[in-house]
Amino acid sequence: MKFASVLALVMAATVVSAETNADRMARGLPPLAPARRGTPVARAKHTAPSGGSGQCNTGSIQCCDSVTKSGHGNSIDELLSLLKIDIPAGTHCGVSCSPISVIGGSSGGDCQQQPVCCEDNSYNGIVNIGCSPINIW
């Protein structure tokens, strides 16, 4: 008997959750809030960096010798300290970066390392802040 009660309750919950806002409003009930499918941070982690195919919305596409996260006691932290740059731990930083152009080149410019799009390119390529890898091939 208990199993039948639990099954009936589960079936009722399934029917109620499949109800549309139009059905609810027709019965005089307020609409339900939209279903949240993850936090904004989770969605940001899964998006294509810098608009995808060779676009960089924050500046020029850069070719960096290396891209690492700050705050892990590595060489990028020493470089940031010497330059008196204070950024949050976990920020991706590019080292020895130079701008590249994809115009007129089908191979994606002349970058032998990782092409990136960086938010802050104001340190003359010594270090670039907030870098995301992009695909320009």
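Two residues are counted as being in contact when heavy atoms of theirs lie within 4.5 Å. In the protein shown here, which is a predicted model, residues 24 or more positions apart account for 61% of the contacts that have a separation of 6 or more.

**Overall architecture**

The protein contains four helices and four strands, and these elements follow one another along the sequence in the pattern α-α-α-β-α-β-β-β. The chain has 137 residues, of which 23% count as buried. The exposed area of the protein comes to about 9,600 Å², and carbon and sulfur atoms supply 59% of that area.

**How the strands pair**

Strand β1 covers residues 61-69 and strand β2 covers residues 92-99, while strand β3 is made of residues 114-120 and strand β4 of residues 127-133. β1 and β3 run antiparallel and are joined by four bridges; within this pairing, I61 has C117 of β3 as its bridge partner. β3 also pairs with β4, again in the antiparallel sense and over four bridges, and here the bridge partner of C117 is S132 in β4. C117 therefore has a bridge partner on either hand, I61 in one pairing and S132 in the other. β3 and β4 form a hairpin with six residues between the strands, and N124 of this hairpin takes a positive phi near 55°.

**The disulfides and a cysteine outside them**

A disulfide is a covalent bond between the sulfur atoms of two cysteines. A search of the whole structure finds two such links, which are set out in the table below.

| Disulfide | S to S distance | Torsion about the S-S bond |
|---|---|---|
| C64 and C97 | 2.0 Å | about 105° |
| C118 and C131 | 2.0 Å | 100° |

Because the torsion about the S-S bond of C64 and C97 is about 105°, this disulfide is right-handed. C64 lies in strand β1 and C97 in strand β2, so the pair ties together parts of the chain that are 33 residues apart in sequence. C64 is buried, with a relative accessible area of 1%, and C97 also counts as buried, at 9% relative accessibility.

The link of C118 and C131 is right-handed as well, with 100° about its S-S bond. C118 belongs to strand β3 and C131 to strand β4, so this pair ties together parts that are 13 residues apart in sequence. Both C118 and C131 are buried. C93, by contrast, is in no disulfide, and the nearest cysteine sulfur, that of C131, is 6.7 Å away; a disulfide would require the two sulfur atoms to lie within 2.5 Å. C93 is itself buried, with a relative accessible area of 0%.

**Residues with a positive phi**

Besides N124 in the hairpin of β3 and β4, two further residues can be described in these terms. K84 is a residue other than glycine, and its phi is positive, near 55°. K84 is found in the loop between α4, which covers residues 75-82, and β2, and at 74% relative accessibility K84 counts as exposed. S96 is not a glycine either, yet S96 has a positive phi of about 55°. Whereas K84 is in a loop, S96 lies in strand β2, and at 38% relative accessibility S96 counts as partly exposed.

**A network of charged side chains**

The structure holds two salt bridges, and E19 takes part in each of the following pairs. In one, the side chains of R24 and E19 meet with an N to O distance of 3.8 Å; in the other, E19 forms a salt bridge with R27, and the closest N and O atoms are 3.2 Å apart. E19, R24 and R27 are in this way linked in a network of salt bridges.

The members of this network vary in how far they are covered by the protein. E19 is buried, with a relative accessible area of 17%, and R24 is likewise buried, with a relative accessible area of 14%. R27, on the other hand, is exposed, with a relative accessible area of 55%.

Key
Residues numbered from 1 in each chain as written. Predicted model: local features only at pLDDT ≥ 70, side-chain atom pairs only at ≥ 80, totals over all residues. Heavy atoms only, no water. Helix = DSSP H or I, 4+ residues; strand = E, 2+ residues; numbered from the N terminus. Buried < 20%, exposed > 50% of the residue type's maximum accessible area, 1.4 Å probe, protein only. Areas by Shrake-Rupley, 256 points an atom, 1.4 Å probe, with all protein chains shown as cover. Pairing = 2+ DSSP bridges. Salt bridge = Lys/Arg side-chain N within 4 Å of Asp/Glu carboxyl O.
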